[in-house]
Amino acid sequence: MRGMAGFRRFVYNFGLEMLKASWGFEGIKASDSVRLNEIKKVFTNHVMTLPEYAWTRNYSSTIYQSAFQDLGEAVARWRKGLSEFPILATKKKGDKFSLYKANAVYPKKGEPALLFTNRVVIEPGRKINLPGYGTVRSLELVNYYYSSQTFTVTRTADKWFVSSNIDANRVPPIIHKVEKVGIDLGIKTFATLSDSSTISAPSSLKKAKTKLSKEQWRNRNKQFGNRNKGVRASLNAKKFFESVARKHLKIANIRRDFLQKTTTLISKKYYTIRVEDLNVSGMVANHKLAEAISSLGLYEFRRMLDYKQSHYGTELEVVDRWYPSSKTCSRCGHVQNMKLSERVFNCGACSFSIDRDLNAAINLEKGDNHLAKPKEKKSIKKSRKKKAS
Ligand SMILES: [Zn+2]
C-alpha cells in the first residue's frame with residue numbers, strides 16, 4: 001500500500017511540475033484541464049513505456065487516473081481562490097491513494113443501486129474488496145450491504161483507513177420533539193441547553209490529553225534534531241514522534257466521535273437550534289480561552305449543526321455577538337456585569353438566581369430580535385492568486 005501511495009505521489013508531482021512548466025511556454029492557449037489531459041497522455045504513452053519506469057505498470061491504472069483528477073481539482077480550487085496553490089506531495093504529509101472500479105454504471109433515479117453492474121458491493125463483515133488491489137480486512141465491522149465505486153486509502157499515524165462514498169437513501173423527514181432550543185457553549189460544561197440539560201466532553205478525551213502531555217514532558221530532553229544546525233533526530237526521538245502522532249490521532253478520533261454523536265442527537269430532537277456567535281477576534285486576545293475553545297471543537301460543533309440542517313430538517317440560528325446573553329436576566333431582562341469567574345447569575349433587579357450557562361442558554365432561546373445575518377462566504381483573495389502564479 002505504501003508502494004501505491006508512492007506511485008500516486010510520483011504521478012501527482014509529475015503532473016504538477018509539467019503543468020507549471022507548460023505555463024512557461026508562450027503562445028499555448030489552453031485551459032488547465034486541457035493541459036492536464038495532454039500531460040496525462042504523455043505519462044501513459046511515453047513515461048510508462050520507459051524501462052526505468054517499468055515499476056509504474058505494477059500498479060492499478062486507476063491510481064494515476066485519480067491522482068490526475070485530484071491534481072485537476074486542486075488547481076481548480078486554487079483558481080477559484082478557495083485554497084493555496086497545490087504543493088508537491090511528500091512522504092512526510094502521509095500516504096494516500098484512490099482506487100476505483102472502472103466503467104461503473106450509475107443507477108437511474110429511483111432504481112436501487114445494488115442492481116447495477118461494475119460497482120463494488122461491500123458485504124456485512126470485515127472484508128472490503130479494493131478494486132485493482134484485492135481484499136483487505138478491516139478492524140471495524142460493516143453492518144449492512146453497500147455499493148460503492150471509489151475507495152480512498154489513507155495512512156495516519158501508521159494506521160490505514162479506507163473511505164468511500166456509498167449509495168444511500170436520504171433520511172426521511174422526522175418530527176422534532178422540541179420546537180426550539182438555545183445552546184450555550186462553554187469550557188466548564190461543553191454545552192448547556194435551555195431545557196436545562198447539559199452535555200459534557202467525554203472523560204476519555206481528558207485522559208488521552210493527559211497521557212499525551214505526560215509523554216511530551218517525559219521526553220523533553222530527547223535529541224529532537226535541528227535541520228538548521230545539521231543535527232539529526234535520535235532513533236528514540238523518532239519512536240517518540242510516532243507515539244505522539246498516534247496519541248494525537250486518538251484524541252482527534254474521540255473528539256470527532258463525540259461531536260458527531262451529540263450534534264446528531266440535538267438535530268434529531270430540536271427543530272430550531274439557536275447558538276451564539278463565537279467571537280473570534282475577542283478570543284484571540286485571550287489565548288488560553290482561544291486554545292480551550294479550539295481544542296474542544298466548538299467551531300466544529302457549530303459546523304456540524306450547520307450541515308446537518310439539510311439531513312434532519314433543522315433550522316440553525318446564530319445570535320449576534322453583541323447580544324449580552326450571559327449578562328441579561330432571563331426572567332426580567334435586567335442587564336448587569338458578569339465576571340468570567342462568576343458561575344451563578346444573581347439578578348440585581350428581581351433577585352432571581354440561576355446557573356450562569358443555563359441563564360445564557362435561555363436568553364439565546366428567547367433572543368428572537370438578536371439574530372445575526374447569515375454569513376457571507378469568504379471573498380476571493382486576489383493577492384494570493386498573483387503570488388502563486
Ligand atoms: Zn431579573
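**Helix H3 and three loop residues**

In this predicted model, the buried residues of helix H3 pack against three elements: helix H1 (2-23), helix H2 (32-45) and strand E1 (95-100). The buried residues in question are Thr 62, Ile 63, Tyr 64, Ser 66, Ala 67, Phe 68, Asp 70, Leu 71 and Val 75. Helix H3 itself covers residues 61-79, which makes 19 residues. From its first C-alpha to its last, H3 reaches 27 Å, close to the 27 Å expected at 1.5 Å a residue. Just after the helix comes Gly 81, with a positive phi of about 80°.

A positive phi also occurs at two residues that are not glycine. Most residues other than glycine have a negative phi. Ser 196, however, has a phi near 65°. This serine lies in the loop between strand E9 (191-193) and strand E10 (198-199). Ser 196 is exposed because just 12 other C-beta atoms lie within 10 Å, and a residue counts as exposed at 12 or fewer. Ser 351 likewise has a positive phi, of about 50°, and is placed in the loop between strand E13 (344-346) and strand E14 (353-355). Ser 351 has 10 C-beta neighbours inside 10 Å and therefore counts as exposed.

The last loop to consider joins strand E7 (159-164) to strand E8 (178-185), and His 176 is located there. His 176 has 19 other C-beta atoms within 10 Å, so this residue is partly exposed; a buried residue would need 20 or more. Apart from neighbours within four places in sequence, His 176 is in contact with Lys 269, Tyr 270 and Tyr 271. The C-alpha atoms of His 176 and Thr 272 are separated by 9.3 Å, although these residues are 96 residues apart along the chain.

Technical notes. Residues are numbered from 1 along each chain as its sequence is written. This is a predicted model: local features need pLDDT of at least 70, side-chain atom pairs count only at pLDDT 80 or more; totals for chains, interfaces and linings use all residues. Helices (H or I, at least four residues) and strands (E, at least two) are DSSP runs, numbered from the N terminus. The expected span of a helix is 1.5 Å times one less than its number of residues. Two residues are in contact if their C-beta atoms, placed from the backbone, lie within 7 Å.
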